[in-house]
Amino acid sequence: FLDTAYTSDNDNDPTGIVAAKQIDSLLYIVDAREVWKEFPDLISFLKQYFNEKGYTKKSKVYIEPKASGKSITQYFQKQTDFNVIEDKPPRESKDARLRAISPKLEAKKVYLLSGTWNDNFIQQITHAKPRRDDMRDAMVMAVRKLLIEQSTARISWR
């Protein structure tokens, strides 16, 4: 899940990346990071990142269609075999989206795998007004897509 940005300037927002795996009704966040890269370098970084993480054609990469997200999605869809999907544009405020997924967090449906990224990630998602919220936004996308939308889709077909 990617919340992309345009710049390599550390004073600006970075691209937030959250790698997650759903198993049954649980979501495991296996990696989260921030990167400050301009478009060409971000493309190169993401290709390497996807390969290092073992992404296959079956893996889904959701990108928020804001900032450089639309261009990155278009590039990956036309130039690579990665399964990159433009997510729906958010309609609600960031706070409303966070509140919408909070029952899943409170019910302990989301787990973090241990990693050097944990402290930075936890700090970002637990502060009411963090300096940066890119990883939090990407986590909200992951919880919404994998634990809320997919479970709703399964229920509606039963």
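1. Start with Gln-22, which sits in strand S2 of this predicted model. Gln-22 has a relative accessibility of 19%, and since buried means under 20%, Gln-22 counts as buried.

2. Look at what the side chain of Gln-22 has for polar company. One of its polar atoms lies 3.0 Å from the backbone oxygen of Asp-24. The backbone oxygen of Leu-146 is also worth checking: the distance from there to a polar atom of the Gln-22 side chain is 3.2 Å.

3. Now over to helix H1, residues 39–52. From first C-alpha to last, the 14 residues of H1 reach 20 Å, close to the 20 Å expected at 1.5 Å a residue.

4. Which residues of H1 are buried? They are Leu-42, Ile-43, Phe-45, Leu-46, Tyr-49 and Phe-50. These residues lie on the same side of H1 because they cover an arc of only 165 degrees around the axis.

5. As for what covers those buried residues of H1, the list includes helix H2 (69–79) along with four strands: S1 (2–3), S2 (15–23), S3 (26–35) and S4 (60–63). Strand S2 is a familiar name by now, as Gln-22 is found there.

6. Flip to the other face of H1, turned away from the buried side, and you'll see the exposed residues Pro-40, Asn-51 and Glu-52.

7. One last stop, on the backbone after the helix: H1 is followed by Gly-54, and the phi of Gly-54 is positive, near 75 degrees.

Key: Residues numbered from 1 in each chain as written. Predicted model: local features only at pLDDT ≥ 70, side-chain atom pairs only at ≥ 80, totals over all residues. Heavy atoms only, no water. Helix = DSSP H or I, 4+ residues; strand = E, 2+ residues; numbered from the N terminus. Expected span 1.5 Å × (residues − 1). Buried < 20%, exposed > 50% of the residue type's maximum accessible area, 1.4 Å probe, protein only. Arc of directions from axis to C-beta. Contact = heavy atoms within 4.5 Å. Polar contact = N/O pair within 3.5 Å; in protein donor to acceptor, adjacent residues only side chain to side chain.
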